[in-house]
Amino acid sequence: GGSMNMIGRNADGDDGDNGDGEDEEEVNDGEVQYSPVLLHIDFCCLLFSMFDHDHYPREHATENRRNANEDSLSVAKEEEVRTAKYFLVNVLIDLIRDYPMREYLVQIDEERVGVRCWLEEILTVMEEEGRRG
């Protein structure tokens, strides 16, 4: 077996049972094992917050002293942030396609209802695409 992720499956896709009735020996040193999808969701949430925090003061500045050069830099920065967010979301969607499991939904805290709803919608669309062929 490989390392276990949060939903109890190792990288090989099995549940760690080696077939002789005994589970593979696991050393639990308190380290939380993430699935690739949940790790990337947490990573995106963290980065998006950082992007928004860094960008927010410039976007909503009340000073009227900004010149045309500062405005063009702000527009370029907005485009860089938007491009980075699209890239990260596309990587996340690719990971969800590789590991499409509804178990993720129960592992996302209730306070993160927006993330959970978005992920549920993505999983539903992927399931429907899979049924269509």
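Among the elements of this protein, helix α4 has the highest mean pLDDT, at 92, and α1 the lowest, at 83. Over residues 1-12, by contrast, the pLDDT is below 50, although this stretch still has 31 contacts in the model beyond near neighbours in sequence. Keep in mind, as you look around, that this is a predicted model. Across the protein the pLDDT averages 76, and 63% of the residues score at least 70.

**Overall layout**

- The protein has 4 helices and 0 strands, so if you trace the chain from its start you will read the pattern α-α-α-α.
- The helices cover residues 36-59 (α1), 68-98 (α2), 103-107 (α3) and 113-132 (α4).
- When you take the contacts with a separation of 6 or more, 57% of them join residues 24 or more positions apart.

**Surface and burial**

- The protein has 133 residues, and 21% of them count as buried.
- Its accessible surface comes to about 9800 Å², and carbon and sulfur atoms account for 51% of that area.

**The largest nonpolar core**

- This core is made of 15 residues, and the members that touch the most others are Val37, Ile41, Ile96, Tyr104 and Leu119.
- Each of the helices α1, α2, α3 and α4 supplies at least two residues of the core.
- Leu119 is a good place to start looking: leaving out residues up to four places away in sequence, Leu119 touches Ile41, Ile96, Tyr104, Leu105 and Ile108.
- Of these partners, Ile41, Ile96 and Tyr104 are also listed, together with Leu119 itself, among the core residues that touch the most other members.

**Rings and charge**

- Lys85 lies over the face of Phe48, and its distance from the ring centre is 5.3 Å.
- As for pairs between aromatic rings, the structure holds 0 of them.

**Two positions in helix α2**

- Asp98 is found in helix α2, and it counts as exposed because its relative accessible area of 57% is over the 50% cut-off.
- In sequence, Asp98 and the core residue Val37 are 61 residues apart, yet their C-alpha atoms are 9.1 Å apart in space.
- Ala84 also belongs to helix α2, and it counts as partly exposed because its relative accessibility of 22% falls between the 20% and 50% cut-offs.
- Ala84 and Phe51 are 33 residues apart along the chain, with 9.3 Å separating their C-alpha atoms.

Terms used. Residues are numbered from 1 along each chain as its sequence is written. This is a predicted model: local features need pLDDT of at least 70, side-chain atom pairs count only at pLDDT 80 or more; totals for chains, interfaces and linings use all residues. Side-chain values use heavy atoms; hydrogens and water are left out. A nonpolar core is a set of buried Ala, Val, Leu, Ile, Met, Phe, Trp, Tyr and Cys residues joined through side-chain atoms within 4.5 Å. Buried means under 20% relative accessible area, exposed over 50%, partly exposed in between (1.4 Å probe, protein chains only). Contact means heavy atoms within 4.5 Å. Accessible areas come from the Shrake-Rupley method with a 1.4 Å probe; for residues, only the protein chains shown count as cover. Rings of Phe, Tyr and Trp (its six-membered ring) pair if their centres lie within 6.5 Å; planes under 30 degrees apart count as stacked, over 60 as edge-to-face and the rest as tilted. A charge sits over a ring if NZ of Lys or CZ of Arg is within 6 Å of the ring centre and within 35 degrees of the ring normal. pLDDT is the predictor's confidence in each residue, from 0 to 100.
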